[in-house]
Amino acid sequence: MNFSKKKFDQNGYCVFNFNKKLILNTKKKIFHLISSALSEKHKINKITEKKIINFYHSNYKNDIVRILDHVGFFSELYSFANQKKIIEITNKAGLKFPVIGFNNKGGRGGLPFLYSFPNDKKRYYKAHQDIFYLPYSMNSVTLWVPLQNTTKKNGALKVIPKSHINYDLLGHSAKDVKNNKLNKHYTEKDFKTVDVKLGQALIFSSYLVHKSGSNNSNEVRMSFNVRYNDLLDKEYINRGLSFDKFPDKNLIDL
């Protein structure tokens, strides 16, 4: 599946294929790191993904969480984000000078790494638009890359197609996306689950309304995000390239 500019413009998102070898190696590295750390600290051997899930719901949870907090710094993720093909796709999506945006101002840095263990509702992200939390250029995009096949069962991303049109910034109720109440403006029927296979990525507009799906499977769902900001977007330049001011719709660079 190739990137479709037409689908991206119409719906606000598009799924495309790329080489999955890097993703497989990244997932393998994550589980190896967890196994090695638990073995070193707690003398636990022969650790499988199933055991890691059980450990997550036990006294070992903090150890696992602290390891996963470091995944966003993996060099493999930056290698992916800077691949020529990925940059070319951001160009096709309309970004003239794409740069990788930071996770959150004043935070630890690194690329956002997301994970959802089975039956862990605290990892659920409610409906939101990325532009509200990171006011980049109006044409900024998010690249969502799963480390396994994602379906409705294990919590694939849910989107509202065409919600990016007109660059409408909706009334988010909380700076913490997990406490946001944007959900109340929609019914579950409004959302579309976007299945993304291992070796594919989802690119979507920062204005697209989206949320997490619930992980009702027996496996860990993992993904990482790369956010791209356009330093040559006219509206963003006139806004002073500010990380704090929201966009001025009167200066849209069409």
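Guide: Buried means a relative accessible area under 20%, exposed means over 50%, and partly exposed lies in between, with a 1.4 Å probe and protein chains only. The structure is a predicted model, in which local features need pLDDT of at least 70, side-chain atom pairs count only at pLDDT 80 or more, and totals for chains, interfaces and linings use all residues. Residues are numbered from 1 along each chain as its sequence is written, and side-chain values use heavy atoms, with hydrogens and water left out.

Visitor: Why is F80 called buried?

Guide: F80 has a relative accessible area of 0%, and the word buried applies because the limit is under 20%. F224 is likewise counted as buried, at 0% relative accessibility.

Visitor: What makes F80 and F224 an aromatic pair, and why is the pair called edge-to-face?

Guide: Rings of Phe, Tyr and Trp (its six-membered ring) pair if their centres lie within 6.5 Å, and planes under 30 degrees apart count as stacked, over 60 as edge-to-face and the rest as tilted. The rings of F80 and F224 are 5.5 Å apart, centre to centre, with 90° between the planes, so both conditions are met. This pair links distant parts of the chain, since F80 lies in helix α5 (residues 75-81) and F224 in strand β9 (residues 221-230), 144 residues apart. Helices (H or I, at least four residues) and strands (E, at least two) are DSSP runs, numbered from the N terminus. F80 and F224 also belong to one aromatic cluster together with F16 and F18, and a search of the whole structure finds 13 aromatic pairs.

Visitor: Why do Y136 and F243 count as an edge-to-face pair?

Guide: The ring centres of Y136 and F243 are 6.4 Å apart and the planes stand at 70°, so the pair satisfies the distance limit and the edge-to-face angle. Y136 sits in the loop between α7 (130-133) and β4 (141-146), whereas F243 is in the segment after α8 (234-238), 107 residues away along the chain.

Visitor: Is Y136 buried or exposed, and what is F243 called?

Guide: Y136 has a relative accessibility of 2%, and so counts as buried. F243, at 38%, counts as partly exposed. L241, also in the segment after α8, is partly exposed at 40%. L241 and Y136 are 105 residues apart in sequence and 7.9 Å apart in space, C-alpha to C-alpha.

Visitor: How do you know that β4 is mostly covered?

Guide: 6 of the 6 residues of β4 are buried. V141, L143 and V145 point one way from the strand and T142, W144 and P146 the other way, and all are buried.

Visitor: What makes β7 and β9 partners of β4?

Guide: Two strands pair if DSSP finds at least two bridges between them. β4 and β7 (residues 200-205) share 4 bridges in the antiparallel sense, with S205 as the bridge partner of V141. β4 and β9 are joined by 6 bridges, again antiparallel, and in β9 the bridge partner of V145 is F224.

Visitor: Why are β6 and β8 said to stand at the edges of their sheet?

Guide: Three strands form an open sheet in the order β6-β5-β8, with antiparallel pairing. β6 (192-193) and β8 (210-211) each have a single partner strand, so one side of each is left without a neighbour in the sheet. β5 (residues 158-159) pairs with β6 over 2 bridges, and K158 stands opposite T193 in β6.

Visitor: Why is α3 called roughly perpendicular to α4?

Guide: The axes of α3 (residues 49-56) and α4 (residues 61-68) come within 7 Å and cross at roughly 115°. Axes are lines fitted to C-alpha atoms, for helices over the stretch in contact, and angles run from 0 to 180 degrees between N-to-C directions. Angles under 35 degrees count as roughly parallel, over 145 as roughly antiparallel, 65 to 115 as roughly perpendicular and the rest as oblique, and α3 is therefore roughly perpendicular to α4.

Visitor: Which residues make the contact of α3 with α4?

Guide: Contact means heavy atoms within 4.5 Å, and the residues involved are I52, F55 and Y56 of α3 and K61, I64 and V65 of α4. The buried residues of α4 are D63, I64, V65, I67 and L68, and they pack against α2 (21-42), α3 and β3 (113-116).

Visitor: Is K189 buried or exposed?

Guide: K189, in the loop between β5 and β6, has a relative accessible area of 81% and is exposed.
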